[in-house]
Amino acid sequence: DPAPTVAEVEAGTGPGGAAPDAAGAFAFAAAVPPLRLQVGGLSENVTYSVYVVVKDFHSNRNVTRHVDPLEMRTVPAPKAIGGSPEVLDVRMTSFGVRAALDKGPAVAFFVVDVASAPMPSVAEVRAGTGAGGATPTFAWNVSVPVPFENVTTTATGLVPLTPYRLYAVFLNV
């Protein structure tokens with residue numbers, strides 16, 4: 001495959017304006033190598049070429065073209081284990097949630113909304129919103145530092161005798 005130009009990399013496109021497999025802009029303040037970037041949407045066991053344009057705060061460009069193939073492997077998202085997420089300690093205006101994941105470190109994102117509300121997307125749960133960006137009844141995220149460890153949290157501010165749904169998304173850190 002031909003290498004993209006500096007302008008194409010800066011524009012987030014491939015050679016000739018073609019759509020790349022992944023692209024993005026990342027800002028770093030006074031970073032010290034090694035820099036680690038997480039890129040999603042890649043396929044497992046596929047070889048990718050990575051092209052980077054580094055620009056300082058004076059807009060001077062340093063071009064780094066990684067022309068040697070760089071093998072990147074995707075890591076599947078953590079999965080809930082042991083019957084989690086589990087709702088527990090249900091009270092009139094709150095309930096607890098226990099989660100345990102098969103991978104760590106990870107982050108568990110939760111949204112609680114009334115049962116009649118539309119189901120939020122994965123991106124909306126990660127953003128702590130309901131469907132269409134609506135404010136959910138309750139939203140939070142919790143760090144899961146190691147695999148197989150139970151983490152618990154409490155949803156509060158619920159209206160008694162109202163049916164709710166719990167949505168969960170798990171993400172590698």
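Is Trp 140 buried or exposed, and what is its relative accessible area? In this predicted model, Trp 140 has a relative accessible area of 12% and is therefore buried. Phe 138 and Trp 140 form a tilted aromatic pair, with 5.1 Å from centre to centre and 55° between the planes. The search of the whole structure returned 3 aromatic pairs. Another of these, between Phe 110 and Trp 140, is stacked, the ring centres lying 5.0 Å apart and the planes meeting at 25°. This stacked pair links distant parts of the chain, given that Phe 110 belongs to strand 5 (residues 106-114) and Trp 140 to strand 6, with 30 residues separating them. Phe 110 is likewise buried, at 1% relative accessibility. Through ring pairs, Phe 110, Phe 138, Trp 140 and Phe 170 are linked into a cluster.

In soluble globular proteins, nonpolar side chains tend to be buried together. The largest nonpolar core of the model holds 15 residues, and those with the most contacts inside this core are Phe 95, Ala 108, Phe 110, Val 112, Trp 140 and Val 144. At least two residues of this core come from each of strand 4, strand 5, strand 6 and strand 7 (151-155), and strand 5 gives the most, with 4 residues. Ala 108, when neighbours within four places in sequence are left aside, is in contact with Trp 140, Asn 141, Val 142, Val 144, Val 169 and Phe 170. Another core, of 6 residues, lies apart from the largest one, and includes Phe 109, Val 111, Tyr 167 and Val 169.

Val 144, in strand 6 (residues 138-144), is buried with a relative accessible area of 0%. Beyond its neighbours within four places in sequence, Val 144 is in contact with Leu 101, Gly 104, Pro 105, Ala 106, Ala 108, Glu 149 and Val 151. Val 144 and Ala 100, although 44 residues apart in sequence, have their C-alpha atoms 7.7 Å apart in space.

Strand 4 was examined next. Of its 5 residues, 5 are buried, so strand 4 is largely enclosed by the rest of the structure. In a regular strand the side chains alternate between the two faces of the sheet. Both faces of strand 4 are covered, with Phe 95, Val 97 and Ala 99 buried on one side and Gly 96 and Arg 98 buried on the other. Strand 4 runs antiparallel to strand 3, to which 3 bridges join it, and also antiparallel to strand 7, to which 5 bridges join it. Arg 98 stands opposite Glu 86 of strand 3 and opposite Thr 152 of strand 7.

Side chains of opposite charge can pair when their charged atoms come close. The model contains 2 salt bridges. In one of them, the side chains of Glu 86 and Arg 98 meet at 2.8 Å, N to O. Because Glu 86 lies in strand 3 (residues 86-88) and Arg 98 in strand 4 (residues 95-99), this pair ties together parts that are 12 residues apart in sequence. The two partners fall into separate accessibility classes, in that Glu 86 is partly exposed at 33% relative accessibility, whereas Arg 98 is buried, with a relative accessible area of 12%.

A salt bridge is also found between the side chains of Asp 89 and Arg 91, at 3.2 Å, N to O. Asp 89 counts as partly exposed at 45% relative accessibility, while Arg 91 is exposed, with a relative accessible area of 55%. Strand 3 and strand 4 form a hairpin with 6 residues between them, and Asp 89, placed in the turn, has a positive phi of about 50°.

Towards the start of the numbering, Glu 8 is found in helix 1 (residues 6-11). Despite its charged type, no exposure is assigned to this residue: Glu 8 is buried, with a relative accessible area of 16%. Not counting residues up to four places away in sequence, Glu 8 touches Thr 13, Gly 14, Pro 15, Gly 16 and Gly 17.

Terms used. Residues are numbered from 1 along each chain as its sequence is written. This is a predicted model: local features need pLDDT of at least 70, side-chain atom pairs count only at pLDDT 80 or more; totals for chains, interfaces and linings use all residues. Side-chain values use heavy atoms; hydrogens and water are left out. A salt bridge is a side-chain nitrogen of Lys or Arg within 4 Å of a carboxyl oxygen of Asp or Glu. Buried means under 20% relative accessible area, exposed over 50%, partly exposed in between (1.4 Å probe, protein chains only). Contact means heavy atoms within 4.5 Å. Rings of Phe, Tyr and Trp (its six-membered ring) pair if their centres lie within 6.5 Å; planes under 30 degrees apart count as stacked, over 60 as edge-to-face and the rest as tilted. A nonpolar core is a set of buried Ala, Val, Leu, Ile, Met, Phe, Trp, Tyr and Cys residues joined through side-chain atoms within 4.5 Å. Two strands pair if DSSP finds at least two bridges between them.
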